[in-house]
Amino acid sequence: MGKGINKAMEAIAEAVFPSNIYCICCGALIDSSRPYSLCDKCVQEFHWITGKTCSRCGKALPDTYRGALCYDCMQHEHCFQKGYSCLTYGLHEREVLMDYKYNGKGYIGRKLGDILYDRISCENLQPDVIIPVPVSKERLRKRGYNQSAIMARQIARRMDISYNDRVLVRKKNTHMLRTMNPAERALAMADAFGIAAGGDKLKGKCVLLIDDIYTTGATADACSKVLLEAGADTVLFLSLASGGNRKPE
């Protein structure tokens with residue numbers, strides 16, 4: 001799709017769902033100066049990741065934490081080279097993401113994409129292509145959109161780099177991962193993704209993989225594995241929100 005068509009579609013979306021009128025978290029009236037369409041109160045209550053992070057997956061770590069890796073990364077190797085995240089998943093983050101994914105508010109994806117863009121632009125990374133984690137056909141049909149794809153497209157537009165939502169495909173539907181332990185998540189995601197026609201274009205490329213939530217890395221690893229097998233040189237991972245650094249039970 002050409003840039004002219006993209007701009008026209010954005011103009012239509014803005015006319016139907018004007019941004020910066022209501023806070024995307026609490027619904028309070030705001031003005032156009034508020035970043036990400038968040039009111040001042042919600043901006044303060046979000047758990048922004050600005051301090052120490054896991055050197056591998058990007059989860060927030062307490063300043064007093066002595067290690068470089070979170071507890072998950074100490075126990076599990078990852079296929080992606082490095083991960084980054086914007087927020088720690090808490091009550092307010094959950095409200096926004098639940099609205100975004102399950103209540104038909106796909107139009108806020110552009111604002112969330114702006115959060116992701118501002119986070120990754122601080123890292124001076126230069127990926128060759130941005131790819132969203134795909135959803136199953138069943139969920140896409142039910143939801144009407146892939147939440148990761150809307151955010152990824154916004155990042156690609158602002159970074160002015162290639163975007164591809166066709167080469168990485170989901171081969172099977174999976175149950176909700178939030179009720180599973182890390183081992184169960186990894187098993188559920190095994191062989192869940194594949195590479196479509198045109199995968200040869202990934203050879204030697206640096207891929208920036210986008211998803212909404214990062215917890216143990218099962219989804220990110222499953223996607224990264226097939227992207228690397230297709231010839232990608234490097235896979236970096238960026239999520240809107242990530243879980244906390246919890247000790248294993």
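**Close-up views of a predicted model**

**Figure 1. Ser 37, a buried residue with a positive phi.** With a relative accessibility of 2%, Ser 37 counts as buried. Like everything in these views, Ser 37 is shown as it appears in a predicted model. Look for Ser 37 in the loop between α1 and α2. Its backbone deserves a glance too: phi of Ser 37 is near 55°, a positive value in a residue other than glycine. For background, most residues other than glycine have a negative phi.

**Figure 2. Asn 124, an exposed residue with a positive phi.** Here the view moves to the loop between α5 and β2 (129–132), where Asn 124 is found. Phi of Asn 124 is near 55°, and Asn 124 is a residue other than glycine with a positive value. Is Asn 124 buried or exposed? Asn 124 counts as exposed, because its relative accessibility is 67%, and the cut-off for exposed is over 50%.

**Figure 3. The aromatic pair of Tyr 36 and Trp 48.** A pair of aromatic rings is described by the distance of the centres and the angle of the planes. The count for this model comes to seven aromatic pairs. One of them joins Tyr 36 and Trp 48: the ring centres are 6.0 Å apart and the planes meet at 35°, which makes the pair tilted. Tyr 36 belongs to the loop between α1 (3–16) and α2 (40–45), while Trp 48 belongs to the loop between α2 and α3 (71–75), so the pair ties together parts that are twelve residues apart in sequence. Trp 48 is partly exposed, with a relative accessible area of 28%. Phe 46 joins in as well, since ring pairs link Tyr 36, Phe 46 and Trp 48 into a cluster.

**Figure 4. The stacked rings of Tyr 100 and Tyr 145.** This aromatic pair is stacked, with 6.1 Å from centre to centre and 25° between the planes. Which parts of the chain does the pair link? Tyr 100 is in helix α4, and Tyr 145 is in the loop between α6 (137–143) and α7 (147–159), so the pair links distant parts of the chain, 45 residues apart. Tyr 100 and Tyr 145 are both buried.

**Figure 5. Charges over aromatic rings.** Two charged side chains can be found here, each over a ring. The charged end of Arg 56 sits over the ring of Phe 80, at 6.0 Å from the ring centre. Lys 82 lies over the face of Tyr 84, and the distance to the ring centre is 5.2 Å.

**Figure 6. The cavity and its lining.** Rolling a probe the size of a water molecule over the atoms shows where empty space is left. How many cavities of 30 Å³ or more does a search of the whole structure find? The search finds one, and the volume of the largest cavity is about 40 Å³. To trace its lining, find Phe 46, Leu 87, Glu 93, Val 96, Leu 97, Leu 112, Ile 115 and Leu 240. Seven of the lining residues are nonpolar, none are polar and one is charged. Helices α4 (91–102) and α5 (109–121) each supply at least two residues of this lining. The largest share, three residues, comes from α4.

**Figure 7. Cysteines without a disulfide.** A disulfide is a covalent bond between the sulfur atoms of two cysteines. A search of the whole structure finds zero disulfides. Cys 25 is in no disulfide, and the nearest cysteine sulfur, that of Cys 42, is 3.8 Å away. Cys 25 is buried, with a relative accessible area of 10%. What keeps Cys 57 and Cys 70 from counting as bonded? The sulfur of Cys 57 is 3.7 Å from that of Cys 70, its closest cysteine sulfur, and this is too far for a bond, because a disulfide needs sulfur atoms within 2.5 Å. Cys 57 is buried as well, with a relative accessible area of 3%.

**Figure 8. Contacts between residues separated in sequence.** Start in helix α5, the home of Leu 116. Leu 116 is buried, with a relative accessible area of 0%. Leu 116 and Ile 155 are 39 residues apart along the chain, and 7.0 Å separates their C-alpha atoms. Then turn to Thr 215, in the loop between β6 (206–214) and α9 (218–229). Thr 215 is partly exposed, with a relative accessible area of 29%. From Thr 215 to Gly 243 the separation is 28 residues in sequence and 5.0 Å in space, C-alpha to C-alpha.

Technical notes. Residues are numbered from 1 along each chain as its sequence is written. This is a predicted model: local features need pLDDT of at least 70, side-chain atom pairs count only at pLDDT 80 or more; totals for chains, interfaces and linings use all residues. Side-chain values use heavy atoms; hydrogens and water are left out. On a 1 Å grid over the protein atoms alone, a cavity is a set of points where a 1.4 Å probe fits but cannot get out, and a pocket is an open set with protein on both sides within 12 Å along at least five of seven lines; lining residues have an atom within 4 Å of a point. Grid points are joined across faces, edges and corners, and a volume is the space filled by probe spheres set on the points. Helices (H or I, at least four residues) and strands (E, at least two) are DSSP runs, numbered from the N terminus. Ala, Val, Leu, Ile, Met, Phe, Trp, Tyr, Cys and Pro count as nonpolar, Asp, Glu, Lys and Arg as charged, and the others, Gly among them, as polar. Buried means under 20% relative accessible area, exposed over 50%, partly exposed in between (1.4 Å probe, protein chains only). Rings of Phe, Tyr and Trp (its six-membered ring) pair if their centres lie within 6.5 Å; planes under 30 degrees apart count as stacked, over 60 as edge-to-face and the rest as tilted. A charge sits over a ring if NZ of Lys or CZ of Arg is within 6 Å of the ring centre and within 35 degrees of the ring normal.
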